[in-house]
Amino acid sequence: MGAVAALLTGHWSRPSPHRSHGFGEPHELSFLKGLAQAFSNSSCASLPTSSPSKKLRSYPVPDFLQKSGYESTVNIAVTGNSGVGKSLFINTVRGVRHADPTWAPVGVGDTTRDPVWYDLPKEPRVRLWDLAGALASSEAPARREPWDRSSIDSYIRTVGLRYFDVVLLLSSGRLTETEIEVSRELKFREVPFFFVRTKLDWDIENSHEDYGMTEEEVMQDIREDLIANDMPEPYLLNARSIEEFDFPRLIRDVLLVVAARWPNLLEQSLADLAGESAEPDPTQTHCSKQMARNDGQEGVESLARYNGRWYWVEDPSFMDFLRAQSGAAVARVAQMLCSREEQTFRIHEDGRWEHAVTNAATSYQPAVFMVNPINQGSEIENDFFGRAFVGTATEYIHDGSKLVSEWSGHMKDSRSVPVHFRMFREVVRDRYWLTWQDVIKDISGRRVFARWPLYVLANETGETVVLSTYSGWALVYPSMTREVPPGRHSVDASGSGVRAERAVFKLGSRVLKVPELRAWETFVLRAEDFA
């Protein structure tokens with residue numbers, strides 16, 4: 001069904017929040033509960049559920065939280081031992097630098113003594129709390145006895161962890177008893193929390209230099225160690241880079257929990273910031289004659305040409321279309337989940353199309369959909385934009401240029417209201433257009449993708465050559481490594497923004513170094529060029 005159908009599905013339900021803000025839950029956002037159910041509390045799913053110590057069975061709201069007016073806001077705590085990078089993490093999430101007056105001080109030790117809150121960008125009623133580091137006296141390695149329970153209890157009671165809506169528990173090394181006890185408290189109090197392992201870039205660099213381990217091996221080793229210590233869903237990241245490792249997935253999951261528990265808050269924030277009604281003007285997305293041929297349109301096989309790989313570049317009208325279907329809050333969450341999206345096409349010998357979608361909603365793992373252009377009608381039951389759909393699905397190629405999927409029927413909760421959607425996939429002026437159309441309302445929304453850059457390699461050596469590319473000036477860590485068999489092949493570049501990279505080709509023990517391997521240009525490999 002494609003990217004949107006994969007994103008906006010869900011049959012789950014969500015329990016009532018542990019603290020009500022009185023914002024309500026509109027029906028159009030009910031599917032967000034299901035998305036959050038898959039992610040909230042994920043970091044503490046298998047922790048022991050033993051009750052906390054007697055001192056923790058009942059403790060009041062701390063003064064700093066009470067005086068902040070916490071009951072009218074969503075409060076996200078960032079906690080952990082001293083020096084794990086809590087303040088740096090908050091600065092990165094908020095996108096601020098040292099010169100910004102709201103920059104949170106960072107340093108080697110514990111730079112935060114008193115709890116401080118910062119507004120989440122563009123969401124003024126969502127606060128990030130920078131809490132003081134847990135006491136150093138409790139930082140003994142995990143499973144080591146005895147340890148100072150009273151110090152950990154005192155920390156939990158002082159910062160009032162049970163009264164936060166979401167908690168991010170940060171760690172930068174071996175799991176400590178502090179983190180285990182904090183996790184147990186949050187689990188017992190049913191507070192959604194996420195376990196975050198910071199300074200991953202240091203671990204990768206040190207493990208590579210000391211043991212020759214790859215990035216994937218280091219991450220797997222850390223995950224397995226945390227899982228063995230009852231942390232089944234850790235998020236591994238570099239607190240300085242919001243686009244690397246598990247950082248995008250963490251942002252996605254936290255946003256889903258917030259949006260599911262307080263949908264009206266998110267919706268109203270959008271309306272306040274945009275200075276407009278939460279409901280869009282449908283005329284903004286009006287687009288008829290979708291079946292007409294566009295100027296510069298290419299044949300449908302262009303979708304799978306080269307390696308058939310595309311990356312997202314813009315949404316000219318898609319978010320407006322989604323808002324018209326499901327509301328502003330849904331569109332906002334979808335915008336987060338669908339950014340940095342990739343799509344890939346491949347044609348099978350039997351004529352079926354393989355359409356793979358990779359984005360934050362799929363945890364950056366390909367979600368594969370099969371499209372059969374000769375499917376002239378099959379009965380289906382599925383979800384569209386968070387609502388159960390019953391009807392007929394048809395797939396075909398129109399005018400030799402568009403790969404079309406079409407659905408007509410009704411929503412289960414409204415049999416008297418017909419539904420008719422189309423999804424077009426086409427290449428126009430070497431750009432992939434993905435267009436959703438509501439045929440009945442005559443509105444549509446489009447996403448635009450560009451081809452993933454690639455190298456055209458003509459291997460005339462008669463043997464398999466190993467290619468390693470490097471983005472930096474030093475030939476230390478390859479951005480990618482690929483085997484190139486004899487013949488002509490297209491090899492994807494290491495990133496969507498790559499236009500040229502340094503390259504090293506290996507033919508057995510012989511090496512060929514290329515200062516600049518350019519995307520889209522043909523490079524010929526001959527045996528006599530290797531030294």
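**Notebook: helix 6 and three positive phi angles**

I began with helix 6, residues 177-189, and found that its 13 residues reach 18 Å from the first C-alpha to the last, which is close to the 18 Å expected at 1.5 Å a residue. I note here that the model I am reading is predicted.

Next I looked up how covered this helix is, and I found it mostly covered, with 11 of its 13 residues buried. Among the buried residues I listed Glu 177, Thr 178, Glu 179, Ile 180, Glu 181 and Val 182, and further along the helix Ser 183, Arg 184, Glu 185, Leu 186 and Arg 189.

I then asked myself which residue follows helix 6, and what its phi is. The residue is Glu 190, and its phi is positive, near 60°.

I went on to two loop residues. Tyr 306 has a positive phi of about 55°, although this residue is not a glycine, and I located Tyr 306 in the loop between helix 10 (263-274) and strand 7 (309-314). Is Tyr 306 buried, partly exposed or exposed? I wrote down partly exposed, because its relative accessibility is 47%, and the exposed class begins over 50%.

Arg 429 was my last entry, and its phi is near 50°, again a positive value in a residue other than glycine. I found Arg 429 in the loop between strand 14 (414-428) and strand 15 (431-438). With a relative accessibility of 51%, Arg 429 counts as exposed, since that class takes values over 50%.

Methods. Residues numbered from 1 in each chain as written. Predicted model: local features only at pLDDT ≥ 70, side-chain atom pairs only at ≥ 80, totals over all residues. Heavy atoms only, no water. Helix = DSSP H or I, 4+ residues; strand = E, 2+ residues; numbered from the N terminus. Expected span 1.5 Å × (residues − 1). Buried < 20%, exposed > 50% of the residue type's maximum accessible area, 1.4 Å probe, protein only.
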